[in-house]
Amino acid sequence: MKYTRLYADSDGETHFENVDVAFNDGQVRSGGPKLGLSAPQQTSDCFFLETTGGSTPFRDYHPTPRKQWFVVLSGSMEFGTSDGEVRKFESGAAILLDDMNTKGHITRRLEDCNVMFVGLED
């Protein structure tokens, strides 16, 4: 399994990185079956976002306010980085936003979306 990390380099320029998730044998509940589990991540909060035809379809460069997961539950979005790369993300995509205190990234709603944000603790 892979996810996309949107990050900033030491010069503040943003880029995409494809990241492989490492899985280890584990159990979700005691006595349950052995499954492939990733390492847990400490989270601070979670909220859902619904975009509609009335919302702004394009946002110019902006950084994420904190390190957080952006999970596309339905619909599709485009993200662009300051190095000029643009990627389309559809339902099921997970993007780790990690470009705080930089020029940031652009977003474009391609169709109405439902998104889940999950804040990560430092």
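Reader: How many bridges join S7 to S9, and do the strands run parallel or antiparallel?
Author: In this predicted model, 4 bridges join S7 to S9. The two strands run antiparallel. One pairing is that of Trp-69, whose bridge partner in S9 is Leu-96.

Reader: What makes S7 and S9 paired strands?
Author: Pairing needs at least two bridges between the strands. S7 and S9 have 4. Therefore they count as paired.

Reader: Which way does S1 run against S9?
Author: S1 and S9 run parallel. They are joined by 4 bridges, and the cut-off is at least two, so this is a pair as well. Tyr-7 stands opposite Asp-98 in S9.

Reader: What makes S9 mostly covered?
Author: S9 has 5 residues, and 4 of them are buried. Buried means under 20% relative accessible area.

Reader: Why is Thr-4 called buried?
Author: Its relative accessible area is 9%. The limit is under 20%, so Thr-4 is buried. Thr-4 lies in strand S1, residues 2-8. Leaving aside neighbours within four places in sequence, its contacts include Phe-16, Arg-87, Phe-89 and Ile-95.

Reader: Which residues have the most contacts inside the largest nonpolar core?
Author: They are Leu-6, Phe-70, Val-72, Phe-79, Phe-89, Ile-95 and Leu-97. The core has 13 residues. Strands S7 (68-80), S9 (94-98) and S10 (105-120) each supply at least two of its residues. S7 gives the most, with 4.

Reader: What does Val-72 contact beyond its neighbours within four places in sequence?
Author: Val-72 is in contact with Phe-89, Glu-90, Ser-91, Gly-92, Ala-93, Ile-95 and Asn-114.

Reader: Which residues does the second core include?
Author: Among them are Val-21, Trp-69, Leu-96 and Leu-120. This core is separate and has 8 residues.

Reader: How do you know that Cys-46 and Cys-113 form no disulfide?
Author: The sulfur of Cys-46 is 16 Å from the closest cysteine sulfur, in Cys-113. A disulfide needs the sulfur atoms within 2.5 Å. Therefore the pair is too far apart for a bond. The structure holds 0 disulfides.

Reader: Why is Cys-113 called buried, and Cys-46 partly exposed?
Author: Cys-113 has a relative accessible area of 2%. That is under 20%, so Cys-113 is buried. Cys-46 is at 43%. Exposed means over 50%, and buried means under 20%. The value for Cys-46 falls in between, so Cys-46 counts as partly exposed.

Note on methods:
Residues are numbered from 1 along each chain as its sequence is written. This is a predicted model: local features need pLDDT of at least 70, side-chain atom pairs count only at pLDDT 80 or more; totals for chains, interfaces and linings use all residues. Side-chain values use heavy atoms; hydrogens and water are left out. A nonpolar core is a set of buried Ala, Val, Leu, Ile, Met, Phe, Trp, Tyr and Cys residues joined through side-chain atoms within 4.5 Å. Buried means under 20% relative accessible area, exposed over 50%, partly exposed in between (1.4 Å probe, protein chains only). Contact means heavy atoms within 4.5 Å.
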